[in-house]
Amino acid sequence: MIQNDDIQKTFEQMVAIDSPSLQEREMAEFITKLFSEIGISLSEDDSAKVTGSTAGNLYGYIPGGGKKAPLLLSAHMDTVQPACGKKAVVAQDKTVRSDGTTVLGADDFAGLTEIYHAVKYLKENNKTHRDIELLFTVGEELYGKGVKAFDCSKLKAKSAYVLDLSGEIGLAAYAAPTILSFCASVKGRSAHAGFCPEDGVNAILAVSNAISKLPQGKVDAQTSANIGMISGGQGVNIVSEKCMVRGEIRSLKHEAAVSLAERYREVFEKEAQMLGATLEWDVTVDIRAYETNTDSTVVREYKEAVQEVGMEARLLKTFGGSDNNVLSEHGIEGLVIANSMNQVHSCQEYTSIFEMNKVVEILISLLEE
């Protein structure tokens, strides 16, 4: 159906483009040109004014003449670092890795490649298909920065497949967490640590006392918490006046994440006050949890499409966020589907041309009538 060599060529071209978050200009131009060659026009929004990216999000609408409701396909144009000077190294078994000094970019160039080749097949073979909406975003790796700035009111589709998940082909995530990031900044009072330590209020001590009383790691089956950064102090002979802690909380239940963040705040504040220090607290909801009904049309159609290409569909809940978190806030039911991106966010990242071909087949099954 689809030639592996064609998929490989497209993917290698994308890998050769440097596209770290908020520097997606060259990738946006490449994708726009790629789709224009098969008669599909993509428009670029003005979200760069908000995101600070070198490019905007890309959107396209493809009428198909089919009777089913429109369907949205989405992938993102950015990659995590190290992302400059990437090279696709293709093994004999069609596994593709980087040269080990950078990420590969299968997250999410595999998704972009698969969507392009599915649409190209339908166009070149004059297949009747449902209307298709395309959304290619910037800054996804920054908690969906691009999709947050996109005008979702223009979307006609009420169902979406976001190609942005690790794991075996056929997997799909139907739920993802709220992610909160927090910053606790404690201010005490400096003093000489040798001559008059009693005159000081040690902010590091207050922070340490608080951390010792707070849950870390897996709090329960649905919630995790992590303190990832800590800084403070001016010298080993000075009672520390300031100490700052940054971390995140994730939960498949939004209310649980908010509740745990409030518990964190209360503990940091109590421990600061006990020593005579003060707390400045900041918390941000980076993305909000969603859960797609497993009896919904978007789930049923995905299971049927995967079965049609001779595979088994399996659903899971993920602790990773994606653009689908934001789309769900706008009333769009979606799944995040596995698209042959493995060991992502590392220089050991890899993909498979054969697996990407299988994802193309699944997309065609979802779209064709």
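Reader: Which residue of β12 is the bridge partner of S185?

Author: This is a predicted model. S185 has its bridge partner in β12. β9 and β12 pair in the antiparallel sense. The partner of S185 in β12 is M244.

Reader: How many bridges pair β9 with β12?

Author: β9 covers residues 178–187, and β12 covers 242–251. The two strands pair in the antiparallel sense. Their bridges number ten.

Reader: Which residue of β12 is the bridge partner of A225?

Author: β11 and β12 run antiparallel, joined by nine bridges. A225 is also the bridge partner of G217 in the pairing of G217 with β11. In β12, the partner of A225 is I249.

Reader: In what order do the five strands stand in the open sheet?

Author: The pairing in this sheet is antiparallel. β10 and β11 pair over three bridges. β11 is joined to β12 by nine, and β12 pairs with β9 over ten. The full order is β10-β11-β12-β9-β13.

Reader: Which strands stand at the edges?

Author: An edge strand here has a single partner strand, so one side of it is left without a neighbour in the sheet. That applies to the strands at 217–220 and 278–287. They are β10 and β13.

Reader: Is V245 buried or exposed?

Author: V245 lies in strand β12. Seven of the ten residues of β12 are buried, so the strand is largely enclosed by the rest of the structure. Buried means under 20% relative accessible area. At 0%, V245 is therefore buried.

Reader: Which residues does V245 contact, leaving aside its neighbours within four places in sequence?

Author: V245 belongs to β12. α6 packs on the sheet and touches β9, β11 and β12. Helix α7 lies across β9, β10, β11, β12 and β13. The contacts of V245 are F182, C183, A184, V207, I211, I227, M229, I230 and F268.

Reader: What angle does the direction of α6 make with that of β12?

Author: α6 spans residues 203–212. This helix packs on the sheet. Its direction makes an angle with that of β12 of about 20°.

Reader: At what angle does helix α7 run to β13?

Author: Helix α7 covers residues 254–275. β13 stands at an edge of the sheet. The helix runs to β13 at about 165°.

Reader: Which residues form a nonpolar patch on the surface with L205?

Author: L205 is found in helix α6. Its relative accessible area is 41%, so L205 is partly exposed. The patch has about 280 Å² of accessible area together. Its other members are M274 and L275.

How values were computed:
Residues numbered from 1 in each chain as written. Predicted model: local features only at pLDDT ≥ 70, side-chain atom pairs only at ≥ 80, totals over all residues. Heavy atoms only, no water. Patch = residues over 30% accessible without salt bridge, like charges linked within 9 Å, V, L, I, M, F, W, Y side chains within 5 Å. Areas by Shrake-Rupley, 256 points an atom, 1.4 Å probe, with all protein chains shown as cover. Salt bridge = Lys/Arg side-chain N within 4 Å of Asp/Glu carboxyl O. Helix = DSSP H or I, 4+ residues; strand = E, 2+ residues; numbered from the N terminus. Buried < 20%, exposed > 50% of the residue type's maximum accessible area, 1.4 Å probe, protein only. Pairing = 2+ DSSP bridges. Contact = heavy atoms within 4.5 Å. Axes fitted to C-alpha atoms, helices over the stretch in contact; angles between N-to-C directions.
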